[in-house]
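This report covers the chain interfaces, one sheet and one loop residue of the structure shown below.

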Amino acid sequence: MKTFLTACKLTVSEYLSYRTNFILWRLRNFLYLFLYYNFWSAVYTYQKQIGNYNKQEIFFYFIVSFFLSDLVFSSKVFKLAAYINSGLLSKYLIYPVSVFKLVVAEELVDKAFNVIFSIVEVMLFVYLFKIQIFIEFSFYYLIIFLLALISGILLYFFINLSISLLGFWTNSVWAPRFISFIVIQGFSGAFFPLDILPDFLYRVVNALPFSVLIYLPMQIIQNKINFDLAVTKVAIAFVWVFLFYALSSFMWKKGLKNYSAYGL
Amino acid sequence: MIRTVVFYLKLWWSFAQKSFSTSFYNRFSSILFLIGKLARTIIAFTFFFSVFSRLNTNVNGYGLNEIILYFLVYNTLVTLSEFLFRSVFEFRSKVISGSLDQVLTKPVSPLFSCLLTGADPLDLLVAVLLISALAVFIFLNFSVNSYILLLFFVCFILAMMFQAAFFISVMAFGIIFFEVDHLIGIYRDIQFMAEIPLRFYKPVFQFILTYVVPVGIIVAVPVEVLIGLFSLQNIIVLTVVSFFYFGLSLLFWRYALKKYSSASS
Amino acid sequence: MTEVIKVANLVKTYTTYDKESGFWGSIKSFFYRKKKIVEAVSDISFEISQGELVGFIGPNGAGKTTTLKCLVGLLYPDSGQLSVLGFKPFERKREFLKQIAFVMGQKAQLYWDLPAFETYSLIRDIYQLSETEFKKNLDELCQLLDFSEFLNRPVRTLSLGQRMKAEIIANLLYKPKILFLDEPTIGLDVVMQDAIREFILAYNKRNNATVILTSHYMEDIDSICNRILMIDNGKLIYNGSKVDLSSKFVTEKEVNVKINLKDKLNKQLLEQFGRVVSCDQTTAKLMINRSKLNGFIKWLVDNYSILDLDIKEPDIKYVVKQVFSAKK
């Protein structure tokens, strides 16, 4: 627990030591909200409805998905790839704390840090632009929503971890990361609700595990999915989580055997 | 003067060859990157198509065809910028590691070295595909003559000039504040707004995208030229804005270099 | 002998920020940081002629690299006059840059994935060398540095020493008149260090190039340079030949004694004359003050049968250590 607190303090100090970087980062986030507000307003100028969404619903979607994105997608796992490639991993392997625990700790701190600021940014934005956000749903929906969210966070974590662990076998992890970044975020529902896609494409994309990350929790919170279907999807999500967990476990063990601590 | 231009053209080609060779050496990553870039374009297209396919009125002269044209021109512009100015993305590490010093001791303009020496063949490939798609689409859906094409070409160059201005400013900013990535991120976010017709936006926002961060106008004017809906006023605005920001960026760059030379690393 | 470098009253300061430590310190530092002005170089003047081999010595932060960077045109001096090959370095004119080379140790300009040769052809284009000139220079450098077989291998497959050689070749392909070397042998193994030193001497002899070198390895300075510039806290505390360095700062001489096996040396007896660096039964090394030298020799001759007696100036390492530790 003590190590966790120290890790927290260190990460926060790290962020704050780059003043300009930090300010620009948060500015960018807030600006993102402003920009997409204008974007969607423009799109709806000549249309009243796109697919299942009217203007209000789309605003709701992009603001809440913005917050969820910060929660799900903020991650420091890729640092592991850099450690492996540079040989710095050796330093962490000798620590009395398991590397995995360190990675998880940093991840949680990063997400917490992001989420806190994200909430402030969203609230400020909603206040300034008078967006209507109200969420009302039953206790059971809340539970399934939280479960969906948790499965999304875990899924993204293990996918990222698997890709980072490719560092054991190749020096250029950046290429797979780039592709995964585009594909995952594109099909996660972070930028747009997946059901505005034409029917055939929608069914394909919905079947991919990435739709669980943002789109599924959004569907639940907007009451656009019936309860039983939601439960089934969340269950399938956890299966995906387990699959990627198994994959990263396997890669870690295999990779460590090959690891020759070179590079320094 | 001509000799200098020829020297730099030849030098650009030398650097481009090295950059191309590096990509070919790393076949695996290069192919993945290429797939990624194509995937990004295709996903974006699917999104825009889905959103606007139900646009049933020809509003302000803009139907689905015009929106696709916007999309193609925008992406060609952005991809060509990334092709030419790729080395800006490595700039931050140059400053931090001190490699910028090495650049400054060479008898080559530091601006050239930092901005134009990293031509990315993958972006070129994507750009070629986009240009082909653009050409085919224009030919099939719009009537153009050589005057229009020439005017389009000129406007496109002006648009690239503004892109250059932005990247130069980013590097200058990077020298002083050591921060480049988030700034580029912000620009990319704003730039994305220009992917749909400028006239769809509220007047205030249109103003911002024309004069404050001219990403809107640099896409809007070339497209308007192709559609045949252009106005002389808009072309003048584009010219003034591009030259203005370009000049400003050069001043900023010079200032940044001077500041760099006043601080010890 | 023509003066190629003229420095008069060079002053260079820079600002740094005081950051507080600890967690709360970092939060405080986010909002307010105290400015601190550091004088890196304060009023330095010297001149260097064509073909000289000059060494810059000084502790870390003394102002060596700052002075070097001013000479190369990377830093703009706060005040003073600087002239290198007749140019004002900061103006960074093409003609000026084509005649100098700045080798910065580890910072490589070579393309990582490509063979060194590719980078060299780029250098050829940048410096506008003719094909014959390029080939001739490349061959000469590869021969001197024993690098030919590595020309066509990707740089990332080369060892650190070979990369350093490759880096040096890249910097000398256009036959610069002045070489500025900042820590050129850092991190290299002993054999490679020797090779680089030999090379620099050979290059200087062949081309009458001026060499200005900073290094923390005294062996670099000792084997290459014949002139020393010593900087401490931004001030020039010595400007002269290597030979005169020790007599200016150090009043001792290094004495090595070897006596006949029959006798035995006594450390305590030796200590009355000077500082004993090492001592066993038959050999000893001492640092003896010049004034006591005569007395020591007389005593030695009177009491022992001498096999070997060697008196010399203390080496640079010792002198530099004395100078800089005395200041503390």
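Two residues are in contact here if they have heavy atoms within 4.5 Å of each other. The coordinates come from a predicted model.

**A loop residue of chain A**

With neighbours within four places in sequence left aside, A:Leu213 is in contact with A:Val72, A:Phe73, A:Gly152, A:Leu155, A:Tyr156, A:Ile184 and A:Ser188. A:Leu213 itself belongs to the loop that runs between helix H9 (199–207) and helix H10 (215–221) of chain A. Is A:Leu213 buried or exposed? Its relative accessible area is 0%, and the cut-off for a buried residue is under 20%, so A:Leu213 counts as buried. A further spatial relation links A:Leu213 to A:Ala190: the two are 23 residues apart in sequence, and their C-alpha atoms are 8.2 Å apart in space.

**The interfaces of chain B**

Chain B touches chain A and chain C, and the table lists the values for each contact.

| Interface | Residues in contact | Buried area | Share from carbon and sulfur atoms | Salt bridges | Residue pairs in polar contact |
|---|---|---|---|---|---|
| Chain B and chain A | 36 residues from chain B, 35 residues from chain A | about 3500 Å² | 74% | one salt bridge | five residue pairs |
| Chain B and chain C | 27 residues from chain B, 32 residues from chain C | about 2800 Å² | 59% | two salt bridges | six residue pairs |

Which residues form the salt bridge between chain B and chain A? A:Arg28 pairs with B:Asp189, and the closest N and O atoms of the two are 3.2 Å apart. On the side of chain B that touches chain A, at least two residues each come from helix H2 (27–52), helix H8 (146–177) and helix H9 (181–192) of chain B. H2(B) has the largest share of that side, at 15 residues.

Between chain B and chain C, a salt bridge joins B:Asp101 to C:Lys69, with the closest N and O atoms 3.1 Å apart. Three elements of chain B give two or more residues to the side that touches chain C: helix H1 (2–25), helix H5 (99–104) and helix H12 (232–260). The most comes from H1(B), which gives eight residues. In terms of area, B:Lys18, B:Gln102 and B:Pro107 together supply 24% of what chain B buries against chain C. No other three residues supply more.

**A sheet in chain C**

Chain C holds an open sheet of six strands, in the order S5-S6-S7-S3-S8-S9, and the pairing is mixed. Which strands lie at the edges of this sheet? They are strand S5 (100–103) and strand S9 (235–241) of chain C, each of which pairs on one side only. On average, neighbouring strands of the sheet are turned by 15 degrees against each other, direction ignored.

At one edge, S5(C) pairs with strand S6 (residues 178–182) of chain C. The two run in the parallel sense, and four bridges connect them. Within S6(C), C:Phe180 is the residue that stands opposite C:Phe102.

Terms used:
Residues are numbered from 1 along each chain as its sequence is written. Chains are lettered from A and ligands numbered from 1 in the order in which they are written. This is a predicted model: local features need pLDDT of at least 70, side-chain atom pairs count only at pLDDT 80 or more; totals for chains, interfaces and linings use all residues. Side-chain values use heavy atoms; hydrogens and water are left out. Two strands pair if DSSP finds at least two bridges between them. Axes are lines fitted to C-alpha atoms, for helices over the stretch in contact, and angles run from 0 to 180 degrees between N-to-C directions. Buried means under 20% relative accessible area, exposed over 50%, partly exposed in between (1.4 Å probe, protein chains only). Buried area is the accessible area (1.4 Å probe) that two parts lose on being put together, summed over both. A salt bridge is a side-chain nitrogen of Lys or Arg within 4 Å of a carboxyl oxygen of Asp or Glu. A polar contact is a pair of N or O atoms within 3.5 Å; within protein, one must be able to donate a hydrogen and the other to accept it, and residues adjacent in sequence count only if both atoms are side-chain atoms.
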